[in-house]
Amino acid sequence: MKKISSNKSFGILFFIVFFLIGIWPLFNGEALRIWPIPIALIFLVLGLINSKILTPLNLIWVKFGELLGKIIAPIVMALVYFVVLTPISLILRLVNKDILKLKILKNTDSYWIKRKKKIGSMKKQF
């Protein structure tokens, strides 16, 4: 089982979220939203006393995060693959570049790459 965050940190986090929802219109010159402020205060009080009432909400929040991770991570990885790696690969193939030296050379005895610079003895590595 994965470790869930403490009820205290969960309560404080949701206090901040609901408090920001309540005061956000003030930044645009609008009126204060009243409904999120009492909810924020309830989360603050329950979080500070580390109430067990927050445990089911905390568990639901963690499960929601795991679900989002299962959905979002493959999408992001696919975007990275198709938007970044595939075009780079196609460009390298067009210019006939073999970065990893994977091409088989028929007239070569060895694929060993000789060092140009001598490294010292490995007696005093650190």
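Student: What relative accessible area does N50 have?
Tutor: This is a predicted model, in which local features need pLDDT of at least 70, side-chain atom pairs count only at pLDDT 80 or more, and totals for chains, interfaces and linings use all residues. Residues are numbered from 1 along each chain as its sequence is written, and side-chain values use heavy atoms, with hydrogens and water left out. N50 counts as partly exposed, a class that lies between buried (under 20% relative accessible area) and exposed (over 50%), as found with a 1.4 Å probe on protein chains only. The relative accessible area of N50 is 43%.

Student: Where does N50 lie?
Tutor: Although N50 is not a glycine, its phi is positive, at about 55°. Helices here are DSSP runs of H or I with at least four residues, numbered from the N terminus, and N50 is placed in the loop between α2 and α3.

Student: Is K101 buried or exposed?
Tutor: K101, which is not a glycine either, has a positive phi of about 55°, and its place is in the segment after α3. With a relative accessibility of 61%, K101 counts as exposed.

Student: Which residue meets E66 in a salt bridge?
Tutor: A salt bridge needs a side-chain nitrogen of Lys or Arg within 4 Å of a carboxyl oxygen of Asp or Glu, and the search of the whole structure finds one. The N to O distance in this pair is 4.0 Å; the two residues are three apart in helix α3 (residues 54–94), so about one helical turn separates them. The partner of E66 is K63.

Student: Which element gives the largest share of the largest nonpolar core?
Tutor: A nonpolar core joins buried Ala, Val, Leu, Ile, Met, Phe, Trp, Tyr and Cys residues through side-chain atoms within 4.5 Å. The largest one has eight residues, F10, F14, F15, F18, A40, F43, L46 and L54, and the elements giving two or more of them are α1 (7–27) and α2 (36–48). The largest share, four residues, comes from α1.

Student: Which residues does L92 touch, beyond those up to four places away in sequence?
Tutor: L92 has its place in helix α3 and is partly exposed, at 25% relative accessibility. The C-alpha atoms of L92 and L26, 66 residues apart along the chain, are separated by 53 Å. Taking contact as heavy atoms within 4.5 Å, and leaving out residues up to four places away, L92 touches K97 and I99.
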